[in-house]
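Here is a short report on one protein model with a bound ligand. Look through the sequence and the structure first, then read on.

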Amino acid sequence: MSSTCPFSETISIDPMVGDLPGETERLRAAGPLVCIDLLGVPAVTVTDHALARQLLVDTRLVKDINSWGLWQSGTVTYEWPLIGMIDAGRSMFTVDGTEHRRLRIKTTQALSPRRLEQLRPTVERLTAELLDDLAAAGAGGATVDLKQLFAYPLPIRVVGELLGVDRVDHPMLLDSYKKFFSVLTPQDERLAIIADLDTYYLDLIRKRTALPGDDLLSALILAEEGGERLTEEEVLGNLKALVAAGHETTVSLILNAVRALVSRPEQLRLLRDGQADWKQAVEETLRYESPSTHLLMRFATEDIPVGDAVIERGQGVVMSYRAIGRDTTVHGVDADEFDVERPSANRHLAFGYGPHVCPGAGLSRLEGNVALPALFERFPDLRLAVPATEIRNLPVMTQNDIAEFPVQLS
Ligand code: STR
């Protein structure tokens with residue numbers, strides 16, 4: 001499909017995510033810029049921290065799919081299973097420059113440190129509720145799935161409170177995104193799910209337009225005339241991005257933190273004894289198991305020389321954040337170890353960098369910093385019910401998603 005790659009041998013990204021550590025290692029060994037194959041579609045990916053920072057502020061790389069050579073030529077179509085990761089409607093996720101700032105402003109305001117402090121009691125209440133349910137399900141030493149009963153419902157409830165999305169709709173949303181992200185979902189079904197979600201969200205936008213509340217969705221709709229007002233299409237795009245990103249990534253953060261800690265009792269002890277704090281554990285988890293494994297995609301609007309090679313105009317560029325988190329130049333020769341005391345832990349790029357840096361970073365940290373200590377305080381004897389090596393990833397190529405997490409609470 002493409003000419004030969006100038007950077008490295010081509011590494012095929014495994015759709016089944018059978019061995020993520022192995023894949024990350026191969027990517028890092030192949031160099032700072034690596035040619036990859038994403039279900040038959042070629043791209044280059046960045047595995048190096050310094051190069052990622054450089055390219056993430058390079059205005060020659062844009063998010064508009066119309067700048068993609070393989071899209072222009074009709075080579076990539078809606079039949080490609082990953083198309084929904086890129087062609088997600090006009091929003092802060094897909095637009096650059098001045099327009100991008102206009103699309104982001106209400107969201108960054110709603111997720112400012114001050115507003116997040118106001119949200120903290122809500123996150124604490126939702127966490128406590130789920131811990132009660134978990135305790136009931138796991139009474140008497142029964143094995144329970146920590147994903148289904150705790151990590152999975154929490155972020156959607158938080159996002160629901162923030163945006164004003166009714167709880168009765170959460171099961172439909174969770175099921176839709178589960179199928180949206182899974183590579184095993186037939187493509188016609190995935191496209192139908194995307195269309196149904198649009199219908200659902202447009203209905204919600206119209207209801208909220210008629211009767212605004214004090215939620216972020218109402219703020220996106222009501223934004224002042226004179227510069228920052230959003231079209232319905234833009235409100236829709238932002239709403240989709242907020243629900244999808246707010247739900248999908250934080251589930252992964254919570255479960256990956258629990259996995260790292262229950263399989264390393266000495267690390268958990270450091271947190272319990274107060275020698276390390278939970279904020280460090282959250283940052284180290286983001287570095288070590290970035291929820292976004294491969295972030296799709298940016299496109300070169302002109303040739304961009306990198307070292308001896310060139311990212312050609314029209315080329316698609318991916319950020320492999322899980323590999324970037326293991327950069328030994330930044331994190332040292334032990335970058336493949338999980339260490340809550342690591343001085344460089346918070347120097348990860350798991351939230352990206354530059355103009356598109358995650359606007360929800362503070363919210364996701366808040367959720368991690370509330371949920372994790374609360375979980376381990378309530379269940380000090382929490383342990384995996386299976387060997388850690390049996391914990392599998394879902395077949396989701398771009399995300400670091402744990403499938404099931406069976407535990408015993410006591
Ligand atoms: C999913 C589909 C959709 O309707 C809207 C979006 C835009 C935001 C994207 C989201 C996507 C997929 C997961 C992303 C998120 C932004 C952050 C999140 C990429 C394409 C990460 O995994 C980092």
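## A loop residue with positive phi

Val 17 sits in the loop between β1 (10-12) and α1 (20-30). Its phi is near 50 degrees, a positive value in a residue other than glycine. Keep in mind that this is a predicted model.

## A cis peptide bond

Where does the backbone turn cis? Leu 296 and Met 297 are joined by a cis peptide bond. Omega there is about -20 degrees. Met 297 belongs to strand β6, which covers residues 295-300.

## The ligand and its shell

The ligand has 14 residues around it. Those that come nearest are Phe 93, Phe 180, Thr 249, Ser 292 and Gln 399. Gln 399 also places a polar side-chain atom 2.9 Å from an oxygen atom of the ligand. On its own, the ligand has 470 Å² of accessible area, and the protein covers 88% of that.

Which elements give two or more residues to this shell? They are α8 (170-181) and α11 (232-262). Helix α11 gives the most, with five residues. By class, the shell has nine nonpolar residues, four polar and one charged.

## Helix α5 against helix α16

Two packed helices are described by the angle between their axes and the distance between the axes. For α5 (residues 113-137) and α16 (residues 361-378), the axes come within 9 Å. They cross at roughly 35 degrees. The crossing is right-handed.

Which residues meet here? From α5 the contact includes Leu 116, Leu 119, Val 123 and Leu 131, along with Arg 120, Glu 124 and Asp 132. From α16 it includes Leu 363, Leu 366, Val 370 and Leu 375, along with Glu 367 and Arg 378. The residues of the contact of α5 with α16 divide into 13 nonpolar, two polar and five charged.

Technical notes
Residues numbered from 1 in each chain as written. Predicted model: local features only at pLDDT ≥ 70, side-chain atom pairs only at ≥ 80, totals over all residues. Heavy atoms only, no water. Near = heavy atom within 4 Å. Polar contact = N/O pair within 3.5 Å; in protein donor to acceptor, adjacent residues only side chain to side chain. Areas by Shrake-Rupley, 256 points an atom, 1.4 Å probe, with all protein chains shown as cover. Helix = DSSP H or I, 4+ residues; strand = E, 2+ residues; numbered from the N terminus. Nonpolar A, V, L, I, M, F, W, Y, C, P; charged D, E, K, R; others polar. Axes fitted to C-alpha atoms, helices over the stretch in contact; angles between N-to-C directions. Left-handed = near helix turned anticlockwise from the far one by under 90°. Contact = heavy atoms within 4.5 Å.
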